[in-house]
Amino acid sequence: MARVMTHTPDTGRTFPDLRRLEAAMTSSALVDWFVREVLPLEAALMRYLRQNWRNPDEVADLRQDIYVQVYDAARKQVPTHTKAFVFQTARNLLIDRVRHDRVVPIETVPDLETLDVPGDVPSPERAAIARDDLRRLRAALDKLPPRCREAVVLGRIEGLPGRAIAVRMGVSDQAVSKHLANGIRALVNEIYGRENDREGQS
Amino acid sequence: MSTSGEAVLKSQMEIESEAAEWLQRRHFWDWSASDQSELDAWLAQSTAHEIAFVRLMAGYGRTDRLVALRAPRMDRSALTRLLRIAAGLAVVAALGTWAMQTPSTPTETRYVTPVGGRQTIMLADGSRIDLNTDSEIRLGGDRNHRLAFLDKGEAYFQIRHDASRPFVVRAGAHRVVDLGTKFLVRTGGDRMDVTLVEGRARVDANGGARSVDLLPGDEVIATARQLTTVHKTSQDLGNQLGWRRGVIVFRHTTLADAAAEFNRYNPNRIVIGSAEVAALKIDGTFPSDDPDSFAEIAQVILHLRVERRAGSIVLTK
């Protein structure tokens, strides 16, 4: 931690108002946009994919492909209407797959207009969602296998570092890593609403 | 428009599992510049990797609400209370009556700030507490004491003095007793730092094993083994309290310390690329929520290279 040491003359230099570098924006602005605008659509997107794709085992991979396409496209230009763009991408991807695999008639993919997708969430609801987080997280925590839950509680809630968790639980560092990684995945999947996706646990 | 070669071969499950492994490694274990380069290499392999990592990182950030579930610490007072209850029950059993009651648990109020957060708590007695980033405090007390447990982070106290009901701050095994005061307390590990800005206060370290009275300008650092006092100028004190105005002030601070300070306030971490860079010094006043600006200044003044990656800003020569 920074200890501001004594006996240093005040140079009086303060933060100059430099213009933000172009490069600085691209990466972090893209990530910000993705976290703020795309990830909150995940529950709706997963619902859409499950409804419109007959093999539920492929849904997580479809989501990944959609995210990659959306993200790569946004590198060039961030879309103005994120939700429409994400679902258009999803729809195109499904249609491509159908043509490629010849497994499902195209008609089973509904029009974008008929999709039941939540509108832009207004801010009071966002607050309600935040309150809801705790309840859902708690439920997700309870669903974890006992050792995994113990590691997450010690790490995330009690704030212990990995080695201290290993000592406390009497298991190897590797075991703690595994528990933490699995626990984090399960909690994050809960947050982004991948409800009852059987691939969610490992 | 297609996924890059490698990503196609790996399933979402595999990628997510690798990303989770990276995330837990970075959060819970020692993390060096070479670890960061390894992670960067993995992130650079495919967009799918980057997305999986960003998604987990953002989601993990939101699990901070779980901290609200934290059980009260089993510190000495809780233990004594339990023993007292146990003793009480024994007496009750002996008397064969349930007329005795267990001591009523005093109501506690908990305040938690997230990374980058800040909160002012106004108390009924006119005292005021400013809670800094990533901090947690429980307030309670009884007829004889006002009690604050600083479980995590940093807080600035401006306490209205009441001789009949002194204000006590506890952080781990250490405590501060105010004698009419403005003071700053920070805790982490087995350590407590107390800086007295105005008035008088006493620090009892390690459950009262050692005590020291503070004068304005004194900073006491209490650990499990030591109690050290240094004296600060009023300007140092002002700088140290910069966070109340949303700024961090560096005076001849090494980049290693400066990065650690920024990382207290921001999920987007500043990573120092080498020992050489870590030892460079910087002066200035920076908005605590803007590591990007800091990186830009470091770039210009110290001629460093700045690389932005998912969740981090890497400074190299």
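In the next few minutes I will go through the two chains of this model, and then look at one sheet and one residue of chain B. Please keep in mind throughout that this is a predicted model.

Let me begin with chain A, which has eight helices and zero strands, so that I can set out its makeup before turning to the other chain. Of its 202 residues, 29% count as buried, and among the contacts in chain A that join residues at least 6 apart in sequence, 57% link residues at least 24 apart.

Chain B is built from both kinds of element, with nine helices and 16 strands. Here 37% of the 317 residues count as buried, and when contacts between residues at least 6 apart in sequence are taken, 46% of them join residues at least 24 apart.

Now to the sheet. Three strands of chain B form an open sheet in the order E13-E16-E15, with mixed pairing. Strands E13 (269–272) and E15 (305–309) of chain B stand at the edges, and because each has a single partner strand, one side of each is left without a neighbour in the sheet. On average, neighbouring strands of this sheet are turned by 20° against each other, if direction is ignored. E15(B) and strand E16 (residues 312–316) of chain B run antiparallel and are joined by five bridges, and one residue pair to look for on the screen is Arg308(B) with its bridge partner in E16(B), Ile313(B).

Two helices of chain B lie across E13, E15 and E16 of that chain: helix H3 (residues 33–45), which runs at about 115° to E13(B), and helix H9 (residues 291–302), which runs at about 10° to E16(B).

Let me finish with a single residue, Phe157(B), which is found in strand E5 (residues 146–158) of chain B. Is Phe157(B) buried or exposed? Phe157(B) has 25 other C-beta atoms within 10 Å, and it therefore counts as buried, the cut-off being 20 or more. Leaving aside residues up to four places away in sequence, Phe157(B) touches Ile129(B), Val169(B), Lys182(B), Phe183(B) and Val185(B). I would also point out Asp130(B), which is 27 residues from Phe157(B) in sequence, while the two are 6.6 Å apart in space, taken from C-alpha to C-alpha.

Note on methods
Residues are numbered from 1 along each chain as its sequence is written. Chains are lettered from A and ligands numbered from 1 in the order in which they are written. This is a predicted model: local features need pLDDT of at least 70, side-chain atom pairs count only at pLDDT 80 or more; totals for chains, interfaces and linings use all residues. Helices (H or I, at least four residues) and strands (E, at least two) are DSSP runs, numbered from the N terminus. A residue is buried if 20 or more other C-beta atoms lie within 10 Å of its own, exposed if 12 or fewer, and partly exposed in between; C-beta atoms are placed from the backbone. Two residues are in contact if their C-beta atoms, placed from the backbone, lie within 7 Å. Two strands pair if DSSP finds at least two bridges between them. Axes are lines fitted to C-alpha atoms, for helices over the stretch in contact, and angles run from 0 to 180 degrees between N-to-C directions.
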